[in-house]
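Please have the sequence and the model open while I talk. I will go from a few side-chain pairs out to the whole chain.

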Amino acid sequence: MSIWERLLKIPRALIFLLIGIAVFFPLLFKFTLPLNILKPVQDVYDFIEALPEGTPVILSFDYSPDVLPECYPISLVLAKHLAKKKLRIYIMTLYPAGTGFALDVYNKIIKEYGLKEREDIVFLGYFPSVAATILGIGEDIKNVFKSDYFGYPFDKIPAFNGVKNYSDIKLAISISGAAIPESWMIYANGRYGANVAAGVTAVMAAQLYPYYRSKQFIGLIGGMRGAAEYEKLLKAYDLATKGMNSISLANFVMVFLVILGNIAFFMQRRTKK
């Protein structure tokens, strides 16, 4: 049996094993692959970098578990950037299932950056009406939030001192796998001129690019790749970088095997002739 015939008869189990190794290797060993930064991601980073210390920013976790692998790394890296810049962070969700993820990031950021609860960061929890909540913040935030998630009265939360509406809140970021970022764009940006950014799944990103080009979003972070780009900008390599390394390495192995299989096929035909 020639080498070409042997290559055409590689057991499927071996191929699955190679793919498995390619997927798990980046999760076990720390390294980074080359990754270009796209402008929509750079714009979000630059906008946050330009905000002065203490600026109020909304970070809304508008997603459910089915998009967790893409949206959670976006949430985490954005929260790290806001904390690093010492901005006032208002964490909330307009999606019922987002509460647990938001609370998880809230606790991680407080622990990692030593933030003071209700001074540097506030967890507001879940609010059921998307349009009413976004529009309500545009009128007077006090009419929407009566207390934080833990029942602490709004009037006694120092993080809200001097904050009334979007004229004081310089950025609202919605992270989602659904259409909620568009609601932020329509009601917060369209009605009140608020600065809105979105972190969405890769599938959703293509749908939102026209709004980014028309400057209705100040920037976009698309899927795991977008989160990995942001981690690179922040020099905080974490979940997204590992995920992108796994995807890239697995794709490389698959392409290599396809090319090798085609070469073996044609070489075998040539040998027979």
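Lys108 counts as partly exposed, because its relative accessibility is 37%. This is a predicted model, so every value I give is computed from predicted positions. The partner of Lys108 is Asp104, and the two form a salt bridge whose closest N and O atoms are 3.7 Å apart. Asp104 is partly exposed as well, with a relative accessible area of 31%. Both residues belong to helix 5, where they are 4 residues apart and therefore separated by about one helical turn. As a general remark, side chains of opposite charge can pair when their charged atoms come close.

Where else do side chains meet in a salt bridge at 3.0 Å, N to O? One case is Asp43 with Lys39. These two sit in helix 3, residues 39-50, and because they are 4 residues apart there, about one helical turn separates them. Lys39 is exposed, at 55% relative accessibility.

Now a pair of another kind. Asp238 and Lys80 also join their side chains in a salt bridge, again at 3.0 Å, N to O. Here the partners come from distant parts of the chain, 158 residues apart: Asp238 is in the loop between helix 10 and helix 11, while Lys80 is in helix 4, residues 68-84. Is Lys80 buried or exposed? Lys80 counts as buried, because its relative accessibility is 8%, and the cut-off for buried is under 20%. Asp238, at 21%, is partly exposed. In the whole structure the search finds 7 salt bridges, and the pairs I have shown are among them.

Staying with the loop that holds Asp238, look at Lys235. Lys235 is placed between helix 10, residues 223-234, and helix 11, residues 239-272. Its phi is positive, about 55°, although the residue is not a glycine. Lys235 counts as exposed, because its relative accessibility is 68%.

Which other residue has a positive phi without being a glycine? Arg118 does, with a value of about 70°. Its loop runs between helix 5, residues 98-113, and strand 3, residues 121-126.

Next, the strands. Strand 5, residues 196-200, pairs with strand 6 in the parallel sense, over 4 bridges. Within that pairing, Gly199 stands opposite Ile221 of strand 6. Strand 6 covers residues 219-222; Gly219 and Ile221 point one way from it, Leu220 and Gly222 point the other way, and all of them are buried.

Finally, the chain as a whole. How many helices and strands does the secondary structure come to? The protein chain has 11 helices and 6 strands. It has 273 residues, of which 48% count as buried. The C-alpha trace spans about 85 × 40 × 30 Å along its principal axes. For contacts between residues at least 6 apart in sequence, 75% join residues at least 24 apart; the contact between Asp238 and Lys80, 158 residues apart, is a pair that links distant parts of the chain.

On the surface, the accessible area is about 13800 Å², and 60% of that belongs to carbon and sulfur atoms. As for charge, the chain carries 30 positive and 22 negative side chains, and the centres of these two sets are 11 Å apart. That is the end of my part.

Key: Residues numbered from 1 in each chain as written. Predicted model: local features only at pLDDT ≥ 70, side-chain atom pairs only at ≥ 80, totals over all residues. Heavy atoms only, no water. Buried < 20%, exposed > 50% of the residue type's maximum accessible area, 1.4 Å probe, protein only. Contact = heavy atoms within 4.5 Å. Areas by Shrake-Rupley, 256 points an atom, 1.4 Å probe, with all protein chains shown as cover. Lys, Arg positive; Asp, Glu negative; His and termini not counted. Charge placed at Lys NZ, Arg CZ, Asp CG, Glu CD. Salt bridge = Lys/Arg side-chain N within 4 Å of Asp/Glu carboxyl O. Pairing = 2+ DSSP bridges.
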